[in-house]
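Colleague: I would like to go through this model with you. Please show it, and then I will ask how the terms are justified.

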Amino acid sequence: MVVKNIRTEILAAVAFMRANLKAAAELRTAFALQIIGMMINNMSFVIIWLFFSHAFGAVNGWGPAEIVMLDGLAALIFGIAFGFGSGARSLPDIIHNGVFDNILLNPRILYIRISVSRLEVSALGDMIFGLILVVIGAVMMEVSPLQFLLLISSIPPASLIMLNMGIIASSIAFLLTDAMEVSRNIFEIFFGPSLYPGGLFQGNLRFFFMFVVPSLFVGAIPVEIIRDSDIKTFILTWTMAIFWTLVALTLLNKGVKYYESSNLIGARAV
Amino acid sequence: MGKYWTIFIISLKDTFHYRNRILSNMVMLLFRVGILVFLYSYAFKYVGGEVNNINFQITIWSIGFYFVLLSLNMRRVSQTIKRDVQTGDVEVLLNKPYNYLLYSILTQFAKGIPNILTTAPAMLLVLIIFIGRPQIAGNMEWFLYFGIIAVLSIVLSFIAYTFIGTIAFWLQDSDAVYWLYDKSVMVLGGAYIPVALFPHSIKLLSEYSPMGAMMFITHAAYPNFNTYALRLISTQVVWIIIMSLALMVLFNFARRKVDINGG
């Protein structure tokens, strides 16, 4: 029964994602421009940190290869999480536009239904860019088969952490009426440090950005797992993914209890 | 002029109502700079204190100046114009008895004032307490150059982003162009790494391009700023003239190309 329910949820989520993708791809020029534009946009972070590496040299084992892999992984993880799960970050907008009532009445699991309610075309550009950069980074780091396996296996938990952070940041919308910008800034507090070279995070700062705000788990930690073939940290990443999923689910369920419909009727594509 | 002043005041009063946004923007910018303080503190200790005659203090003050200017949110004028085009509101706004571009710029400028009024003092205080005073000349000449470059940076930023936004009249969705330009400003303006630490060719590009010119304020943190401030000012003036002319020509073409989206 549980397996059948999970299967139904997954099939429903996939159906929503496909519908969103078809709707977005209707405007082909805009679709392509967004993807290509985001890929070019992402190069800027690679350039910045390569300049840093040029000026300071390798810091705690973080040189150009690690920086390329970091930016690639961060973009890929962001793209996977929000390419198809953009609704997680759009919750304030969904509530503001009166679409949340429809989602609330849907018989699907709320966490999944909110996440797949929107598709962000530019995040697909992040995904493609990330994939290209990860391949280049893997070549530069000369990854072994074990490291490659760790690389592939680190992406799902990191993507889940990223998605959960989107939900947690967006849940502020249940408490504030004008939450869009606040939610975006809260997410930025999480996401911003994930783009910085991990070698610069030491001591208490590292602890903070691993266990209080898990930024390092969506960028630097996967790179270090691959570089050092660190199985312990790999297991820790999966543990943190489960932990933050439970936190996101709890916050979402508690937040919904605060929700009051404003009876505003909004249109939704799916 | 009275109508533009009224537009500005109404927009300013409206923005002050959204205290949560103002507070969260300030906290987020302080957080960004705070992280960079920790990271660069470690990085400079790691390399022994200086890189290319640039030390930790100069780096952080340079980045601090960048983020204070960023808090004005001048780049959002581009998104505002894009949204007006996509929703069809632009047709109504073009028919009003004021210049649409000036209206967009003044509205956005007013929206940015509360942010900079809260962020600038907070940033100054935090940096002085945790980093110490900047290593600047600190004389009347420095303050004069600083003021002029700040004003010219704001003018050039608004013109440049308005230019980018006007492209939406053709592309409808000008996000790709906006991202490209905005990230060039981030790189060449010295957002996360000071211009002085760039490779030589990129440093030249930063000092002579409009993207770098928009953020010349970051140079005010360097001890020798007074010696080349006039060169920076003249570069900004040249780009303001070029971009203004380009914007006027582009907007004239755009007015003829308005597509009605039924907004």
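Colleague: What makes chain B a confident part of the model, in terms of pLDDT?

Modeller: Chain B has a mean pLDDT of 90, and 97% of its residues reach 70 or more; pLDDT is the predictor's confidence in each residue, from 0 to 100. This is a predicted model, where local features need pLDDT of at least 70, side-chain atom pairs count only at pLDDT 80 or more, and totals for chains, interfaces and linings use all residues. Side-chain values use heavy atoms, without hydrogens and water. The model scores ipTM 0.85 and pTM 0.87.

Colleague: Which residues touch the most other members of the largest nonpolar core?

Modeller: They are F56(A), M162(A) and F67(B), in a core of 164 residues. Helix α7 (residues 140–166) of chain B gives the largest share of this core, 12 residues; a helix is a DSSP run of H or I, at least four residues, numbered from the N terminus.

Colleague: Why is it called a nonpolar core?

Modeller: Because its members are buried Ala, Val, Leu, Ile, Met, Phe, Trp, Tyr and Cys residues joined through side-chain atoms within 4.5 Å. Buried means under 20% relative accessible area (1.4 Å probe, protein chains only).

Colleague: What does F67(B) touch?

Modeller: Not counting residues up to four places away in sequence, F67(B) touches L29(B), R32(B), V33(B), L36(B), M123(B), A191(B) and Y192(B). Contact here means heavy atoms within 4.5 Å. Another core, of 6 residues, lies apart from the largest one, and A24(A), I35(A), L119(A) and V121(A) are among its members.

How values were computed: Residues are numbered from 1 along each chain as its sequence is written. Chains are lettered from A and ligands numbered from 1 in the order in which they are written. Buried means under 20% relative accessible area, exposed over 50%, partly exposed in between (1.4 Å probe, protein chains only). Helices (H or I, at least four residues) and strands (E, at least two) are DSSP runs, numbered from the N terminus.
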